[in-house]
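Here are my reading notes on the model you passed along, set out as numbered points. Have the viewer open beside you as you go through them.

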Amino acid sequence: APRRVRQDEAAQFARRYGILIAALLVLALAAFGGWLWWQGHRESKLDKGSEQFIGALDQLDAGNRASAEKDLKPIAQDGSPAAAAGARILQAGILAEKGDKAGAAKAFLAIADDKGVPDAFRNLAEIRGVSMNFDSMKPADVVARLKPLAVPGNPWFGSAGELVAKAYYKEGKKDLAGPLFVPMAKD
């Protein structure tokens with residue numbers, strides 16, 4: 001009799017919750033399938049963006065700036081944050097190669113000021129923009145922009161430290177410039 005009671009309880013449980021459990025299982029499988037599709041779609045999009053980016057680099061390497069600019073434009077507008085930042089940096093570099101120093105500096109500093117750009121790209125753009133604009137910038141502005149990067153141990157210390165030290169020297173603050181040159185020489 002105890003076995004019969006367990007079978008009845010199991011049958012009652014299946015009638016009561018069977019449809020709910022089956023529905024939850026179907027939903028879980030559908031969600032998993034959707035997640036797999038989304039991952040595949042995202043990877044496909046990243047692959048396409050990577051191919052476009054590499055194509056643009058190849059065009060630049062071959063000296064075809066116009067073609068590279070064409071390839072970089074959609075990446076800069078719609079790429080992942082890192083890919084878009086890389087494309088924007090290359091676009092600014094192309095402006096510099098064309099001789100548009102002011103336009104390139106403006107483009108680099110716009111990247112540096114964009115909080116949506118990954119820090120490594122922002123820091124690179126900050127240094128490139130300031131170095132291109134150094135002669136027309138006030139020394140205090142150079143220091144304000146680059147002092148956070150001009151710290152021993154920071155990977156950007158050499159480039160940023162040199163520009164900050166030059167700005168201090170330009171301001172006549174040799175007492176502040178010297179302590180930056182010494183650790184750079186030791187690094």
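**Notes on the model**

1. Let me begin with Asp58, which counts as partly exposed because its relative accessibility is 48%. For this and all later points, buried means under 20% relative accessible area, exposed means over 50%, and partly exposed is in between, with a 1.4 Å probe and protein chains only. Asp58 lies in helix α1. Helices here are DSSP runs (H or I, at least four residues; strands would be E, at least two), numbered from the N terminus. From the C-alpha atom of Asp58 to that of Tyr17 there are 61 Å, with the two positions 41 residues apart along the chain.

2. A word on the ground rules: this is a predicted model, in which local features need pLDDT of at least 70 and side-chain atom pairs count only at pLDDT 80 or more, while totals for chains, interfaces and linings use all residues. Residues are numbered from 1 along each chain as its sequence is written, and side-chain values use heavy atoms, with hydrogens and water left out.

3. Staying with α1, which spans residues 2-61, have a look at Phe13. Phe13 is partly exposed, since its relative accessible area is 46%. Together with Tyr17, Leu20, Ile21, Leu24 and Leu27, Phe13 forms a nonpolar patch on the surface, with about 610 Å² of accessible area in total. Such patches take residues with over 30% relative accessible area and no salt bridge; nonpolar side chains (Val, Leu, Ile, Met, Phe, Trp, Tyr) are joined within 5 Å, and like charges within 9 Å. The areas come from the Shrake-Rupley method with a 1.4 Å probe, and for residues only the protein chains shown count as cover.

4. Which residues touch the most other members of the largest nonpolar core? They are Val130, Val142, Leu146, Leu163 and Val164, out of 20 residues in that core. Two or more residues each come from α5 (119-133), α6 (139-146), α7 (157-170) and α8 (174-186). The largest share, seven residues, is from α7. A nonpolar core is a set of buried Ala, Val, Leu, Ile, Met, Phe, Trp, Tyr and Cys residues joined through side-chain atoms within 4.5 Å.

5. Val142 is a good residue to click on. Neighbours within four places in sequence aside, Val142 is in contact (heavy atoms within 4.5 Å) with Val130, Phe134, Met137, Lys147, Leu163, Val164 and Ala167. Apart from this core lies another, of eleven residues, including Ile89, Ala92, Ile111 and Met132.

6. Now turn to α6, where Pro139, Val142, Val143 and Leu146 are buried. They sit on the same side of α6, because they cover an arc of only 95° around the axis. That arc is taken from the directions from the helix axis to the C-beta atoms. Among the elements covering these buried residues are α5 and α7.

7. Helix α5 holds two charged residues worth a look, and Glu126 is one of them. Glu126 counts as buried because its relative accessibility is 11%. Residues up to four places away in sequence not counted, Glu126 touches Leu109, Ala112, Arg145, Leu146 and Leu149. Glu126 is also linked with Asp113 and Arg145 in a network of salt bridges. A salt bridge is a side-chain nitrogen of Lys or Arg within 4 Å of a carboxyl oxygen of Asp or Glu.

8. Arg122 is in α5 as well. With a relative accessible area of 16%, Arg122 is buried. Leaving out residues up to four places away, Arg122 touches Ile111, Ala112, Asp114, Lys115 and Val117.

9. How many salt bridges does a search of the whole structure find? The answer is seven. In one of them, Lys98 pairs with Glu69, the closest N and O atoms being 3.0 Å apart. Lys98 lies in the loop between α3 (81-97) and α4 (101-113) and Glu69 in helix α2 (residues 65-78), so the pair ties together parts 29 residues apart in sequence.

10. Asp114 and Arg88 also meet through their side chains in a salt bridge (2.9 Å, N to O). This pair links distant parts of the chain, with Asp114 in the loop between α4 and α5 and Arg88 in helix α3, 26 residues apart. Asp114 is partly exposed at 28% relative accessibility, and Arg88 is partly exposed at 23%.
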